[in-house]
Amino acid sequence: MITNQRQYLNTQAQAERFRQALAAPDPEGLHPKAAKAMRDGLRSQLDDLETELGEYDVLRRGEVATLEAESIIGIGEALIKARIVRNLTQKELAERLSLAEQQIQRYEATQYRGVAAERLQQVADALNLSVREVFTLEQV
């Protein structure tokens, strides 16, 4: 998941390198099956990068109104996405919380794992999020 503009630019550059590799001719003497496997691998990695870039673009344009977490662990990813939708940098979020930017970077690097529930609520409040938890009892 791309969490900031620097990662976005790095991912764009990496995707461009994969595009160039795919456009290049196959190395001479390479067995056709090996060449196909190499190209399939490059295409797969490029597809993954383009998916990440597309997801970040959608978030940055604010085209998302609802974020869902499939589990409690998913709350961190939802908070990161909400920050991106709000067009806030990690530094700006840190300022709203009176924290160092590096603290937000650490939180996001671990997707807020191990962060106290009170801090998660403070982040949600700083992002102007309305949070509704739903717990579903699975059949045993």
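In this predicted model, leucine 93 reaches well beyond its immediate stretch of chain: leaving aside neighbours within four places in sequence, leucine 93 is in contact with Arg83, Ile104, Tyr112, Val123, Ala126 and Leu127. Several of these names return in the largest nonpolar core, which has 29 residues and in which Leu79, Leu93, Leu97, Ile104, Tyr112, Val123 and Leu127 are those with the most contacts. At least two residues of this core come from each of α1 (5-23), α2 (32-60), α3 (75-85), α4 (90-96), α5 (101-109) and α6 (117-126), and the largest share, six residues, is supplied by α2.

Glutamine 90, a residue of helix α4, is a polar side chain to consider beside this core. Is glutamine 90 buried or exposed? With a relative accessible area of 8%, glutamine 90 falls under the 20% limit and is therefore buried. Its side chain is joined to that of glutamate 108 by a polar contact of 2.7 Å. Apart from neighbours within four places in sequence, glutamine 90 is in contact with Thr3, Asn4, Arg83, Glu101, Ile104, Gln105 and Glu108. Arg83 and Ile104 thus appear both in this list and among the contacts of leucine 93.

Arg83 also leads to helix α3, where it is one of the buried residues, together with Gly76, Ala78, Leu79, Ile80, Ala82, Ile84 and Val85. Because eight of the 11 residues of α3 are buried, this helix is largely enclosed by the rest of the structure. Which helices do the buried residues of α3 pack against? Their packing partners are α2, α4, α5 and α6. Just after α3, the backbone at asparagine 87 takes a positive phi of about 55°.

A search of the whole structure finds one cavity of 30 Å³ or more, and its features are set out below.

| Feature of the largest cavity | Value |
|---|---|
| Space inside | about 50 Å³ |
| Lining residues | Met1, Ile2, Glu52, Glu55, Tyr56, Leu59 and Lys81 |
| Lining residues from α2, which gives the most | four residues |
| Nonpolar lining residues | four residues |
| Polar lining residues | no residues |
| Charged lining residues | three residues |

Helix α2 therefore recurs in the account, since, by the helix assignment used here, it supplies the largest share of the nonpolar core and also gives the most to the lining of the largest cavity. Within that lining, the charged residues Glu52, Glu55 and Lys81 stand alongside the nonpolar Met1, Ile2, Tyr56 and Leu59.

Key
Residues are numbered from 1 along each chain as its sequence is written. This is a predicted model: local features need pLDDT of at least 70, side-chain atom pairs count only at pLDDT 80 or more; totals for chains, interfaces and linings use all residues. Side-chain values use heavy atoms; hydrogens and water are left out. A nonpolar core is a set of buried Ala, Val, Leu, Ile, Met, Phe, Trp, Tyr and Cys residues joined through side-chain atoms within 4.5 Å. Buried means under 20% relative accessible area, exposed over 50%, partly exposed in between (1.4 Å probe, protein chains only). Contact means heavy atoms within 4.5 Å. A polar contact is a pair of N or O atoms within 3.5 Å; within protein, one must be able to donate a hydrogen and the other to accept it, and residues adjacent in sequence count only if both atoms are side-chain atoms. On a 1 Å grid over the protein atoms alone, a cavity is a set of points where a 1.4 Å probe fits but cannot get out, and a pocket is an open set with protein on both sides within 12 Å along at least five of seven lines; lining residues have an atom within 4 Å of a point. Grid points are joined across faces, edges and corners, and a volume is the space filled by probe spheres set on the points.
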